[in-house]
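Hello,

Here is the structure for your files. Notes on what was found in it follow below.

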Amino acid sequence: MKDYTLNKRKYVIGGFITLLVIIYIVRLFDLQVADDRYKQNAMSNAFLRRVIYPARGLMYDRNGRLLVFNQPAYDVMLIPKDVSKDLDTLALCDVLGITPDEYARKWEEMKDPRRNPGYSSYTPQKLISHLSQEDYGRLQEKLYLFPGFFVQKRTVRQYSSPAAANILGNIREVSAKDVEKDDYYRAGDYTGDLGIEKSYETDLRGKKGVEILMKDAHGRIKGRYENGIHDEAPISGRNLTLSIDMDLQEYGERLMAGKIGAIVAIEPKTGEVLCLVTSPNYDPSLLVGKQRGRNYAELVRNPYKPLYDRAIQGAYPPGSTFKPTQGLIFLQEGVVTTSTVYPCYRGYVNGLRVGCHAHGSPIALKPALGTSCNAYFCWGLKNMIDKRGTTASKQFEKWKNYMVEMGYGYKLGIDLPSESRGFIPNSEFYSKSFRGAHWSANSIISIAIGQGEVLATPLQIANLCATIANRGYFYTPHVVKEVKGGAIDSIYSVRHKPSIKKEYYQDVAEGMRMAVLGGTCRGANLPGIEVAGKTGTAQNPHGRDHSAFMGFAPYDDPKIAVAVYVENAGFGATYGVPIGSLIIEKYLNREISPARLYLEERMLNSNTIISSGVKKH
C-alpha cells in the first residue's frame, strides 16, 4: 500500500528547497547587478572619478565684440564616507570662512533627498560653491589635513558690459526637477536660467569629461589610473554670435534710464534683433558668485520688476501704432480705397463719440495715417463689421485672422523664453462678454484705434513695422545669428507673408512717411535719412497715457525697424518719437548730428518713473 503522506512531504520539501534557491538567486542578482552600492564602495576605496567641466560657450555681438566669457571658480567637494570621524571641524571652518552652524546646515542640505535626490555617501558631493581665489589658495595649503575633501574647478560667467541682462540671461545651480528631466545633470551642476543661457543651454553647456584617479589605503590621491588612458576629455560648449549690436543696446538702455518701458529694433530683411531693451534693467554680474541668491531675491522684491522683460513680456494697448494694421485690412477687404474719405468732426460721431484732434476733414487713408485720425479708422471698422448680408461675428473673425497673420495674438517665436502672446479677442469672446446679446462695430469700436481689449508686445509692434518696411513679409525675430559648429533653428529663415497685397503695404508706408514729413512724427524727420513712422498714445486707466512709436528707415531700403514704448509718459511725440529717431540715427550713422544733441541730452536725463507710479502687468 502506497504512503501518500510521504509523497506529499517529498513535494513540500522539494518546493521549500526550490524557494530558497530562488530567494538566493534574486538576492545575488540584487547585490551584484541591481544594487551598485557595493561596487561603488569598492571603486571609491581605490579610485576617484572626478568630473571635468567643459568651458561654457562664449557669446559675441554681431560685430564680433565679446560679451560673455568664463572665469575660473572653485567648489569644495567631499566624499562623505571618506570624511574622517576625527575631522577638525573648527580648523576646516576657519579655512573656509564659515561658522560651524553653517557647516552643519550644509551637511543637512546635502543629505536632504528633496534638495539632492542623487545623494550617495560613496560619490562626490558639493559643500561650498564659488570659493574665492584667496580661500582656494589657503585651502590648498591645508587640504591634506582634511581627508575626503577636494577642490573641483569649474567656470562661471563674466560680462564685458553691464547691459543686455534680459537677453543674455544667467546660470544657476540645477534643481531636483532639472536632474530628473535631464540625465546630463547631477546635483551641484549649473544650467542656463533666463535669456539665451536658457534657450541655448544644450549648445552652450558642452560635454563633461572625467579623469580617474587612484587612491591609497588612507584615501590620498596617488596619481592617474593607467596614465589616464581611461580618461575622457571635456568638449567645450558652442560659441554664439548674436544679432544684437551691443553699442546700440547700451545706447538704448541709457536712453531708457529713468523710464519704464521697452525698445525693440529689428533688421527687416532678416528678422535679426538689433537691440531689445527693457527698463528698468539690471547688471547681469549681480547674478554671479556667492551673492547670487541674495541679489536675485532683491531683484524679485524690486517694485519696478527689473527681471520682467517688457520688450517681449509686456502686453500693452498698442494705441495708434495699431492703425496701419486697420488700413491694410480695410484695403484688402475692399472696405476702402486710397481715395475713400470719411468725416472727422473732432472725432467719430455715430451714436457715440470717439474724440480726435484737429485736422482737415473729410480725410483719406494716407493723410489719416499721417495725422493719426481716430475717426477714419472707426468708420472703416464700422463699415467692415456691420457689412450687410453677413453677421458681425463672421466679419470680426475675418478681421481677427488678418491680425494673427500679421503676428498679433500669438507668440511670434523669438528664441528667448517667456514671450507673451499679447491678446486679440475673437467673436466668441465678445458673444460671451455681451451674454449672447446683439453686438456690432459700435460695441467694440475702441479696437479700431488700438484700445479696448487689444494688447500687443513691443516685439509684435516692431515686427509689424518690419513687415511694412519689407512691403509685405517678415521673418520670425531672433537674437542668435550663428551657432559655431551648429545651426540656428530653420524657423528663423522662413519668410512669412500675410495674405494682404503688396501694393497695400506700399500705400500704408506712404502714409507713415507723410506722418514724418508733416504729421504726428515730425520729430523723426532726420537729415539725410528718409524715415517712415507712426505715433501711438495709448490710454491707461491706471494713470498717465503711454507714449509709443514705431518707424523704419531708410524708406526705400530699410535697414532698421524700431518700436518704442514708454509707460505713463504722455503723447507718442513726447518720448516715443524722440527715442525712436535717436535709435535709428545712432544705428545708421553711428553718431547723433550736432543739431540733435540737445534732444539726446533731454532723453538721456529725463525721468518718467517719478510721475508714473508702479503699475501691475
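**Sheet, pocket and one arginine**

A hairpin of six residues connects β19 to β20. Helices (H or I, at least four residues) and strands (E, at least two) are DSSP runs numbered from the N terminus, and two strands pair if DSSP finds at least two bridges between them.

This is a predicted model, in which local features need pLDDT of at least 70 and side-chain atom pairs count only at pLDDT 80 or more, while totals for chains, interfaces and linings use all residues. Residues are numbered from 1 along each chain as its sequence is written, and side-chain values use heavy atoms, with hydrogens and water left out.

The hairpin belongs to an open sheet of five strands, ordered β12-β11-β20-β19-β18, with antiparallel pairing. The edges are β12 (272-279) and β18 (532-538); each has a single partner strand, so one side of each has no neighbour in the sheet. On average, neighbouring strands are turned by 5 degrees against each other, direction ignored. Axes here are lines fitted to C-alpha atoms, for helices over the stretch in contact, and angles run from 0 to 180 degrees between N-to-C directions.

β20 has seven bridges to β19 and six to β11 (residues 261-267). Alanine 553 is bridged to isoleucine 560 of β20, isoleucine 263 to valine 564, and alanine 262 to tyrosine 565. Seven of the seven residues of β20 are buried (under 20% relative accessible area; exposed is over 50%, partly exposed in between; 1.4 Å probe, protein chains only). Ile560, Val562, Val564 and Val566 cover one side, and Ala561, Ala563 and Tyr565 the other.

Helix α19 (residues 502-518) lies across β18 and β19, at about 75 degrees to β18.

The second largest pocket holds about 420 Å³ of space. Among its 19 lining residues, Ser320, His357, Ser372, Thr537 and Phe571 are the closest to its centre. A pocket is an open set of points on a 1 Å grid over the protein atoms alone, where a 1.4 Å probe fits, with protein on both sides within 12 Å along at least five of seven lines; lining residues have an atom within 4 Å of a point. Grid points are joined across faces, edges and corners, and the volume is the space filled by probe spheres set on them. β18 gives the largest share of the lining, three residues.

Arginine 238 sits in the loop between β9 (221-224) and β10 (240-242). Arginine 238 is partly exposed, at 35% relative accessible area.

Regards

Conventions: Contact = heavy atoms within 4.5 Å.
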